[in-house]
Amino acid sequence: MRQKLVAGNWKMYGSRAMTRALVAGLAAEFADGAPCEIAVCPPFPFLEEACRAAGGTPVTVGAQDVSDRDEGAFTGQVSGAMLAEIGCRYAIVGHSERRSLNAEDDALVAAKFLAAQRHGLAPILCVGESLEEREADRTEEVVARQVRAVLAAAGIEAFARAVIAYEPIWAIGTGRTATPEQAQAVHAFIRGLLRAENANIADFVKVLYGGSVKAANAAEIFAMPDVDGGLVGGASLEVEGFASICRAAG
Ligand code: PGA
């Protein structure tokens, strides 16, 4: 049985005070035990504050991105070693906003996945199709390409230390969620891609759903057999709503 994970992707929102309050609020909500694994992914400047506030609580911390390089003259980039040193557990790689706004291609995403793991971070690999691709019946083709790029670079064993997030682009920040059945179909497809390489790892790896998850729809999505939690954007920015989503994963 896979333990569910609910991770909050704050994107470019938040402040130091909000970071402290949100992590403390979650810790207080789940002082008697968390219903699932819980992670918060604040912007880089607040990661250390989040790690400090999360210490000794069920909350873990992830970064929203990581450099594919380990060190060097790479202005503006942040290495996996730096994230690991301050106590991060996860790094999101390949979020659709970075793929589209920062022109990150499959090869770079795979390199970031590898870089995260070199430093002991678990990558949360985001994959997902655009509306145009879904309507052209190309969802499986796109998701397979995105997953296989990382499989080719990292090998199936690496997925034992990684998380996948299926995030249909048309559902991100739009209020339009995939139906539980649509999510389940793609999650099962992704697990099938891994199963073709190694059945044990395929059964072990968490596949999260992301895209307009909120308290009102989380339970029905998380109830699907291949959905192992969520990557939550907008609804992760306040304690009560995010805590309800975490409870829906219990
Ligand atoms: P959303 O974002 O929950 O605001 O749709 C999800 C994500 O981008 O990870």
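Is Ser 212 buried or exposed? In this predicted model, Ser 212 counts as buried, because its relative accessibility is 16% and the cut-off for buried is under 20%. As for its place in the chain, Ser 212 is found in the loop that runs between strand S7 (206-210) and helix H10 (215-222). Its backbone is worth a look too: phi of Ser 212 is positive, at about 55°, although the residue is not a glycine. Most residues other than glycine have a negative phi.

Ser 212 also leads straight to the ligand. A polar backbone atom of Ser 212 is 2.8 Å from an oxygen atom of the ligand. Taken alone, the ligand exposes 280 Å², and the protein buries 95% of that. Two side chains come into play here as well. Glu 167 has a polar side-chain atom 2.6 Å from an oxygen atom of the ligand, while for Asn 9 a polar side-chain atom lies 3.5 Å from an oxygen atom of the ligand.

What else is around the ligand? In total, 13 residues surround the ligand, and the closest are Lys 11, His 95, Glu 167, Gly 173 and Ser 212. Sorted by character, the shell around the ligand holds seven polar residues, four nonpolar ones and two charged ones. The space that the ligand takes up is the second largest pocket.

Lys 11, one of the closest residues to the ligand, has its own backbone story. Its phi is near 55°, a positive value in a residue other than glycine. Lys 11 sits in the loop between strand S1 (5-9) and helix H1 (16-29).

Moving on to another loop, Ser 67 has its place between strand S3 (59-63) and helix H3 (80-86). Is Ser 67 buried or exposed? With a relative accessibility of 4%, Ser 67 counts as buried, because the cut-off is under 20%. The side chain of Ser 67 is joined to the side chain of Gln 77 by a polar contact of 2.5 Å.

The two elements that flank this loop each offer a residue to look at. On the strand side, Gly 62 lies in strand S3. Gly 62 has 0% relative accessibility, so it counts as buried. Its C-alpha atom is separated by 5.2 Å from that of Cys 88, although the two residues are 26 residues apart along the chain. On the helix side, Ala 81 lies in helix H3. Ala 81 is partly exposed, because its relative accessible area is 33%, and partly exposed covers the range between under 20% and over 50%. Between Ala 81 and Asp 70 the C-alpha to C-alpha distance is 7.1 Å, with 11 residues of separation in sequence.

One more loop rounds off the picture. Ile 169 has its place between strand S6 (163-166) and helix H8 (180-195). At 36% relative accessibility, Ile 169 counts as partly exposed. How far apart in space are Ile 169 and Glu 140, which are 29 residues apart in sequence? From C-alpha to C-alpha, Ile 169 and Glu 140 are 14 Å apart.

Methods. Residues numbered from 1 in each chain as written. Predicted model: local features only at pLDDT ≥ 70, side-chain atom pairs only at ≥ 80, totals over all residues. Heavy atoms only, no water. Near = heavy atom within 4 Å. Polar contact = N/O pair within 3.5 Å; in protein donor to acceptor, adjacent residues only side chain to side chain. Areas by Shrake-Rupley, 256 points an atom, 1.4 Å probe, with all protein chains shown as cover. 1 Å grid on protein atoms, 1.4 Å probe; cavity = no way out; pocket = protein on both sides within 12 Å on 5 of 7 lines; lining within 4 Å. Sits in = over half its atoms within 2 Å of the grid points. Nonpolar A, V, L, I, M, F, W, Y, C, P; charged D, E, K, R; others polar. Helix = DSSP H or I, 4+ residues; strand = E, 2+ residues; numbered from the N terminus. Buried < 20%, exposed > 50% of the residue type's maximum accessible area, 1.4 Å probe, protein only.
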